[in-house]
Amino acid sequence: MRFERVQQILTDGLAAWASSKGRDPDLSGHGTHFAWNSKADLLAAVGKNRRLIQPELIGTANAGQANLIIDLRVGFAGNRMPQGGPYIPDPQIDEIEQWIKDGCPD
Ligand code: HEM
């Protein structure tokens, strides 16, 4: 799987959120380095002081501990993202986890 697929899953997830809420999400509260316009952006991204993909987990069996995966699957303190749902379908979250396990290929 390629980065473009990860990007598409996140973009589709936000589009579903926007269509359900009737407005665009305001992601600015996550912080100033919260973006996935490129793979470099995503690998550097931080949301609420949590690195979305901790570098030490890339290419390891522990990819499921990445903050991005925890956040999309269950959330921190129950605050699953995108906040309030609709949530990204579990099989797509599994795809992102596998991509991190595979070492985040281009
Ligand atoms: C470490 C990861 C993340 C944390 C800790 C986090 C935390 C939060 C918190 C606390 C809020 C409440 C609003 C605020 O305080 O700004 C929020 C809102 C939101 N988050 Fe996240 N978030 C994370 C990642 C993500 C990701 C990856 C997405 C997209 C797939 C996402 C989508 C949203 C959306 C759509 C909202 C609502 C924005 C609005 O009302 O306009 N978050 N997030």
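This is a short selection-by-selection tour of the structure, from the ligand outward to the core and the backbone details. The model is predicted.

**Stop 1: the ligand**

Select the ligand and show the pockets. The ligand sits in the largest pocket. Now expand the selection to the shell around the ligand, which holds 21 residues. Those that come nearest are Arg23, Asp26, His30, Lys48 and Met81. Colour the shell by class. You should get 11 nonpolar, 5 polar and 5 charged residues.

Which helices each supply at least two residues of this shell? They are H1, residues 3-21, and H3, residues 67-73. H3 gives the most, with 3 residues.

**Stop 2: polar contacts to the ligand**

Stay on the ligand and pick three residues in turn.

- Aspartate 26: look at the backbone here. One of its N or O atoms lies 2.6 Å from a ligand oxygen.
- Histidine 30: go to the side chain. An N or O atom there is 2.7 Å from a nitrogen atom of the ligand.
- Lysine 48: again use the side chain. A polar atom of this side chain lies 2.7 Å from an oxygen atom of the ligand.

**Stop 3: lysine 48, the backbone**

Keep lysine 48 selected and switch to the backbone. The residue lies in the loop between strand S1 (46-47) and strand S2. Check its phi: the angle is positive, about 50°, although lysine 48 is not a glycine. Is lysine 48 buried or exposed? Lysine 48 counts as exposed, because its relative accessibility is 54% and the cut-off for exposed is over 50%. That accessibility takes in protein chains only, so the ligand contact at 2.7 Å does not enter the 54% value.

**Stop 4: two cis peptide bonds**

Move along to the loop between H3 and H4, where proline 82 is found. Select methionine 81 with proline 82. A cis peptide bond joins them, with omega about -10°. Met81 should look familiar: it is among the residues that come nearest to the ligand.

Next, select glycine 85 and proline 86. The peptide bond between them is cis, and omega is near 0°. Proline 86 also has its place in the loop between H3 and H4.

**Stop 5: the nonpolar core**

Hide the ligand and select the largest nonpolar core, which has 24 residues. Label Leu10, Leu42, Ile96 and Ile100, the members with the most contacts inside this core. Then show the helices. H1, H3 and helix H4 (90-101) each supply at least two residues of the core. The largest share, 5 residues, comes from H1. In soluble globular proteins, nonpolar side chains tend to be buried together.

**Stop 6: cysteine 104**

Pass the end of H4 and select cysteine 104, found in the segment after that helix. Its phi is near 55°, a positive value in a residue other than glycine. Is cysteine 104 buried or exposed? Cysteine 104 counts as buried, because its relative accessibility is 2% and the cut-off for buried is under 20%.

**Stop 7: asparagine 62**

Finish in the loop between strand S2 (50-51) and H3, the place of asparagine 62. Asparagine 62 has a relative accessible area of 40%, so this residue is partly exposed. Add valine 74, 12 residues apart from asparagine 62 along the chain. Draw a distance between the two C-alpha atoms: they are separated by 16 Å.

Technical notes
Residues numbered from 1 in each chain as written. Predicted model: local features only at pLDDT ≥ 70, side-chain atom pairs only at ≥ 80, totals over all residues. Heavy atoms only, no water. Near = heavy atom within 4 Å. Polar contact = N/O pair within 3.5 Å; in protein donor to acceptor, adjacent residues only side chain to side chain. 1 Å grid on protein atoms, 1.4 Å probe; cavity = no way out; pocket = protein on both sides within 12 Å on 5 of 7 lines; lining within 4 Å. Sits in = over half its atoms within 2 Å of the grid points. Helix = DSSP H or I, 4+ residues; strand = E, 2+ residues; numbered from the N terminus. Nonpolar A, V, L, I, M, F, W, Y, C, P; charged D, E, K, R; others polar. Core = buried A, V, L, I, M, F, W, Y, C linked by side-chain atoms within 4.5 Å. Buried < 20%, exposed > 50% of the residue type's maximum accessible area, 1.4 Å probe, protein only.
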